[in-house]
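Please look over the sequence and the model below before reading on. The text then goes from the overall fold to the cores and to individual residues.

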Amino acid sequence: MTTTRTVPTGVGTTDGIVRGLTAAGVLMSADVHLALYFGGFGSIPVIGLLFMVNAIAGLLIGVGVVAVRHWVVAFLALGFSVATLAGFYLSVAVGLFGFRETLTGTQQVMAEVAEIVGLIGARCCSVRSGGGRRARSYGRSVSHGGDPLR
């Protein structure tokens, strides 16, 4: 017996909403770091370069989360969010490359919330995409012979 089903896609699906929120978190974090880079952080040795790298990586990963439905992209978003959040907390707690940050401030709170949203969303995306255990087909008919649960 062969069954055919269509896997839903798009903005209205749970997957689309989670991916949109994940991308929004990653892109907002990248935007905050880019604004801070041009707002004076670019002149701080090492930190300035890291802020620019964060902005570029965040842009690429944020777009990738929406454009490519694969667990690897969700994993990259998760790693980006964890690394950025860890760097922020480390810079608050003990300093990072001679620079010490504070928890308060509009940019700090915006980036922190964005990174938490990106982290939670990326984790949900990686779970929903199966973490590489099985392939999913989005927006196409999928045929399976015999086993309707496959």
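This is a predicted model. A good place to enter it is L36, which touches F41, G42, F51 and Q107 when residues up to four places away in sequence are not counted. L36 has its place in helix 1. Its relative accessibility is 16%, so L36 counts as buried, the cut-off being under 20%. Between L36 and A55 there are 9.9 Å in space, C-alpha to C-alpha, and the two are 19 residues apart in sequence.

The wider setting is a protein chain with four helices and two strands. Along the sequence these elements follow the pattern β-α-α-α-α-β. The protein chain has 150 residues, and buried residues make up 38% of them. Taking contacts between residues at least 6 apart in sequence, 71% join residues at least 24 apart. The accessible surface of the protein chain is about 8,600 Å², and carbon and sulfur atoms account for 69% of that surface.

Next, the interior. In soluble globular proteins, nonpolar side chains tend to be buried together. Which residues form the largest nonpolar core here? There are nine: A23, V26, I61, V65, V73, A77, L78, F80 and A122. Helix 1 (14-38), helix 2 and helix 3 (71-93) are the elements that give two or more residues to this core. Helix 3 supplies the largest share, four residues. A second, separate core has eight residues, among them L36, F41, L96 and A111. L36, the starting point above, thus belongs to this second core, and F41, another of its residues, is also one of the contacts of L36.

Within the largest core, V73 can be followed outward through its contacts. Apart from neighbours within four places in sequence, V73 is in contact with I61, G64, V65 and V68. Of these, I61 and V65 are also listed in the largest core.

A last residue to inspect is N54, which lies in helix 2 (residues 47-67). Is N54 buried or exposed? Its relative accessibility is 10%, and because the cut-off for buried is under 20%, N54 counts as buried. Leaving out residues up to four places away in sequence, N54 touches S29, A30, H33, F80 and T84. One of these, F80, is a residue of the largest nonpolar core.

How values were computed:
Residues numbered from 1 in each chain as written. Predicted model: local features only at pLDDT ≥ 70, side-chain atom pairs only at ≥ 80, totals over all residues. Heavy atoms only, no water. Buried < 20%, exposed > 50% of the residue type's maximum accessible area, 1.4 Å probe, protein only. Contact = heavy atoms within 4.5 Å. Core = buried A, V, L, I, M, F, W, Y, C linked by side-chain atoms within 4.5 Å. Areas by Shrake-Rupley, 256 points an atom, 1.4 Å probe, with all protein chains shown as cover.
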